[in-house]
Amino acid sequence: MRMGRVWEVALKDFAELSTNKAALFGLIFIPALLTLLGVASTYMVTREISLGHLSAAQAPAAIYASLLLLLLIPTTNSTVVGSMSVVLEKTGRTLEPLLATPIRDRELLWGKAVPPLAIGVGGAYLAFGIVFLAGDIFLASAHLPIEFPGGMGLFAMLVLATLLGILSTFVSLLISSRSKELRTAQWFSFIVALPVFGGVIAAFAILPHSWVDYSVAVAVLVALTAVIIWWTTDRFERVTILLGSP
Amino acid sequence: MAGGIQAPYRDVIVATELTRSYRGAPPAVERLSLTIRQGEIFALLGPNGAGKTTTLRMLSALIQPTGGHVEVLGIDTRDPHRIDEIHNSLGILPEVAGLYESLTAYRNLQFFGRLHGLSDSTIYERSRDLLSSFEIWERRDEKVETFSKGMKQKVAVVRAMLHDPPCLILDEPVSGLDPEAAKTLRDFILDQRRQGKTIVLSTHNLDDADRLSDRVAILRSRLLALDTPARLKERLFDRVVAVELARPDAGAVEIARAAGAQGAQLEGRRLILDLPDAETTLPELNARLVYAGYRIVYVQPVVRTLEEVYLKLLESEGGAGG
């Protein structure tokens, strides 16, 4: 696999995306809104504790509940970008000239995977960073005897965000490569990605009570992601992408 | 490696018994065998749905045949390890230009050039030379979405030529273009042949095929005919000659039939004759007409068009198709 070609496809996709104002708005607006909600939630939790409406023991769970919402960022952004990726090459009739270059199927797949991963996972990292920073500031300024979920909490969230981003990216790329039009690709990608997100939320709503539960759930998500990557790589063939069937 | 295989192959593309079927449909292409030689313009003709695009896709290793095989410059397209060499040896222009509309013309060329392994300086030089030959170098930094169809087609041709492939595969290259843009592209194609490139094109424009191609293949899922345009005309039609007479009448028709003309009819002052053996029949006919007192103004061969050949072939295969 030549990384130059992978990078070239990724750069081209970034360049195209940067000119798509509607897509950019969606990709910025939802994360910004979720980040704002996260910051507001941590502020509210801090305030409720200072007012005595919430006990210090309840604080971590309340903060985590608001942080889990940020996991929507890798899910939605990676799905939106990934599902557009291949199908827009088909509808724009650029797929045939692209496949007529020496690019290999895997180089194309990984090149196509970079933008949704970067936008989904990168966006989530940024959002978590902002909310964690805001939480630390609120708690410190309120002089409360509570520590905002620190290094391990952040690490746990970033692992989840990364896994959800990878999973959403590869699912949506696979669906995009089999779809003939954008709406179908996005619809089916969300049908797969959102239940996975819901499952993660349900599994981790109990956190951070048990790191064993967390490890088991992450292991399941890692296995699922590995299966999806393998499946997508196996099915991402030029003939199928071009014709819709082998 | 850009530029592909610069080999002394005389046969650039050899297709053997090519068949391509799609699930639940009759074969789009059936047992098609043809050889495309270096330096020729080879046209694929056929009605819609005849399998031209499928054939071009198989010849350019974009899809694999379900039966038979293709060799491009001696490489079997089924060999997945040599797909780079094949695609570097071919310049492909699909039916639709297929450019990234929101990017500039130059960014499009840069993207495809880099995928072919060209350096940025080579991409710049080749783009400048090729875009200048189409007089659009000055507009290289404009978004493709602002271009006319003809300009987009020119950029797409430049993209196909960027890595200097020995063989070009062009699907409907002048379709939908205005006469000026079509002429520019036709001249470009002829110029490429002069430079020794092999050109395979599919077209609905039979006039273009007649003017441009060295050989034509007429397809309707399977190969109906393959030859030079001139030989196809000869093969399918007798030599037709028009003899203009000063004062024609029905007697001239009788004389023509007696001299061996298979078909003879009067069209105004012209006697239109089908002469299977014109070399011997025509002098005999002229002599008889003069002897009978007719004054011959001129004798002229009636040129058959490729369109007539095409329609006759399709008709004999059961309808002209759609």
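This passage walks through selected features of a predicted model, taking chain B as a whole and then particular helices and strands of chains A and B.

Chain B makes a good starting point. Its secondary structure comes to 11 helices and 14 strands. Along the principal axes, the C-alpha atoms of chain B fill a box of roughly 80 × 45 × 40 Å. Of the 322 residues in chain B, 43% are buried. Among the contacts in chain B with a separation of 6 or more, 72% are accounted for by residues 24 or more positions apart.

One helix of chain B deserves a closer look. Helix α3(B) covers residues 105-115, and 10 of its 11 residues are buried, so this helix is largely enclosed by the rest of the structure. The buried set begins with Ala105(B) and Tyr106(B) and continues with Asn108(B), Leu109(B) and Gln110(B). It also includes Phe111(B), Phe112(B), Gly113(B), Arg114(B) and Leu115(B). The cover over these buried residues includes parts of both chains: α1 (3-18) and α5 (95-99) come from chain A, while α4 (120-133) and α5 (149-161) come from chain B. After α3(B) comes Gly117(B), which has a positive phi near 85°.

Helix α1(A), one of the elements covering α3(B), also packs within its own chain. In general, a pair of packed helices is described by the distance between the axes and the angle between them. For α1(A) and helix α6(A), which spans residues 105-142, the axes come within 7 Å and cross at roughly 40°. The two helices are therefore oblique to each other, and the crossing is right-handed. On the α1(A) side, the residues that meet α6(A) are Arg5(A), Val6(A), Glu8(A), Val9(A), Ala10(A), Asp13(A), Phe14(A) and Leu17(A). Their counterparts in α6(A) are Glu107(A), Leu108(A), Trp110(A), Gly111(A), Lys112(A), Val114(A) and Pro115(A). By residue class, this contact between α1(A) and α6(A) divides into nine nonpolar, one polar and five charged.

Chain A also offers a single residue to follow in detail. Thr42(A) lies in helix α2(A), which runs over residues 21-50. Thr42(A) has 25 C-beta neighbours inside 10 Å, and therefore counts as buried. Beyond its neighbours within four places in sequence, Thr42(A) is in contact with Ile63(A) and Ser66(A), as well as with Val131(A), Ala134(A), Gly135(A) and Phe138(A). Between Thr42(A) and Phe132(A), the C-alpha to C-alpha distance is 8.8 Å, although 90 residues separate the pair in sequence.

Back in chain B, several strands pair in the antiparallel sense. Strand β1(B), residues 11-20, is joined by five bridges to the antiparallel strand β4(B), residues 67-72. Within this pairing, Thr19(B) has Gly67(B) as its bridge partner. Strand β4(B) also pairs with strand β5(B), residues 75-76, over two antiparallel bridges, with Val72(B) opposite Ile75(B). The hairpin of β4(B) and β5(B) has two residues between its strands, and Leu73(B) there takes a positive phi near 50°.

Another hairpin is made by β9(B) and β10(B), with one residue between the strands. Five bridges join β9(B), residues 215-220, to β10(B), residues 222-227, and the strands run antiparallel. Arg220(B) stands opposite Arg222(B), and Ser221(B) in the turn has a positive phi of about 65°.

Conventions: Residues numbered from 1 in each chain as written. Chains lettered and ligands numbered in written order. Predicted model: local features only at pLDDT ≥ 70, side-chain atom pairs only at ≥ 80, totals over all residues. Pairing = 2+ DSSP bridges. Helix = DSSP H or I, 4+ residues; strand = E, 2+ residues; numbered from the N terminus. Buried ≥ 20, exposed ≤ 12 C-beta atoms within 10 Å, placed from the backbone. Contact = placed C-beta atoms within 7 Å. Axes fitted to C-alpha atoms, helices over the stretch in contact; angles between N-to-C directions. Parallel < 35°, antiparallel > 145°, perpendicular 65-115°, else oblique. Left-handed = near helix turned anticlockwise from the far one by under 90°. Nonpolar A, V, L, I, M, F, W, Y, C, P; charged D, E, K, R; others polar.
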